[in-house]
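Hello,

Here is the structure we spoke about. Please look through it first, then read the notes below.

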Amino acid sequence: MSTAALKAAEREEKLYGTRDGAIARIVFNNPARHNAVSLDMWETYTELLKEYAADDGVRVLILSGAGGKAFVSGADISKFEDERATKEAVTKYNATSKGAYDALTTFPKPTIAKINGYCIGGGMNVAVGCDLRFCEEGSRFAIPAAKLGLGYGYYGVNRLAKLIGPSRAMEMFYTARQFPAQEAYEMGLLNKVLPVDELDAHVDEVAERICGNAPMTIATIKAVAIEMAKAPAMPDHARLDAMVHACFESEDSIEGRRAFMGKRKPQFTGRRAGRNRRPRTHSAGGARRSRPLLWCHPGRPPPRAGPPDRNERK
């Protein structure tokens, strides 16, 4: 570690950047929480990305996590009650984190994720946003949003699906399980899996090799890759954003984070928070039947809970 990095670590900065020649580095430095990321860390991260993007002396950027046990373990759930407790807070957090991811995916120079240990949630977004991903054999990958009742927006899902394919991406989201390094490599998430004691040297070698190539050629290839990754204008972003907000405002979101903090299994209900809705009823032959609220199939009317009435049977 460079002198600057050591000084930063001594000051216990939760996220810091260093530069060694043409190679810049951003380190997530919150090892006590497996490098979980808070709102202020995302803000610092975005500022560093903009600084290195504008620095003509930087040719390659390497992202890593301190402590050896985690790359990034996602958002700092202990801060959710403060940073995501209201609709306004969720909007601010999502805008800040989206700005951070956008700054990475549009970074004009090659980016490398050097992954030790856990790569979870937001850490997956950071890794997927990089051009190259190398990890050590003990690394594990997961997106636990479904275990926490969190909304996951279009861009995060789209980036992962483009990298590993829609089916494998859906498996990661739906199951929320942890994938070992070899399985993640086989699905196309990683460029290479290495023994832990070889990871640093390999990543440095790749970075130095890139630095030795023609800068304008590399810049052109990166510009093409950025254009290729742009999403089409067709998706209904307003509806998708509303669904994401509904997740964060739901009882499941509250239950998910409280269960996580209490180290217990969550009990999800699929209901919005603070809304006591009376069950809809359907009348047939004078009898009233409960009609459950259905939260699936957005944009499509739910099926009828009872038999059709006399006019519908004609």
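Cores and one helix

Of the 55 residues in the largest nonpolar core, those touching the most other members are Tyr45, Leu63, Phe141, Leu160 and Leu189. A nonpolar core is a set of buried Ala, Val, Leu, Ile, Met, Phe, Trp, Tyr and Cys residues joined through side-chain atoms within 4.5 Å; buried means under 20% relative accessible area, with a 1.4 Å probe and protein chains only. Helix H2 (residues 39-54) gives this core its largest share, seven residues. Apart from this core lies another one of twelve residues, including Ile62, Leu199, Val206 and Ile210.

This is a predicted model: local features need pLDDT of at least 70, side-chain atom pairs count only at pLDDT 80 or more, and totals for chains, interfaces and linings use all residues. Residues are numbered from 1 along each chain as its sequence is written, and side-chain values use heavy atoms, with hydrogens and water left out.

The protein has 14 helices and twelve strands, which are DSSP runs (helices H or I, at least four residues; strands E, at least two) numbered from the N terminus. Of its 314 residues, 41% count as buried.

Why does the span of helix H12 agree with what is expected? At 1.5 Å a residue, its twelve residues (237-248) should span 16 Å, and the end C-alpha atoms are 17 Å apart. The expected span is 1.5 Å times one less than the number of residues. Val244, Ala246 and Phe248 of H12 are buried, and their cover includes helix H4 (87-105) and helix H13 (251-262).

Regards

Methods
Buried means under 20% relative accessible area, exposed over 50%, partly exposed in between (1.4 Å probe, protein chains only). Contact means heavy atoms within 4.5 Å.
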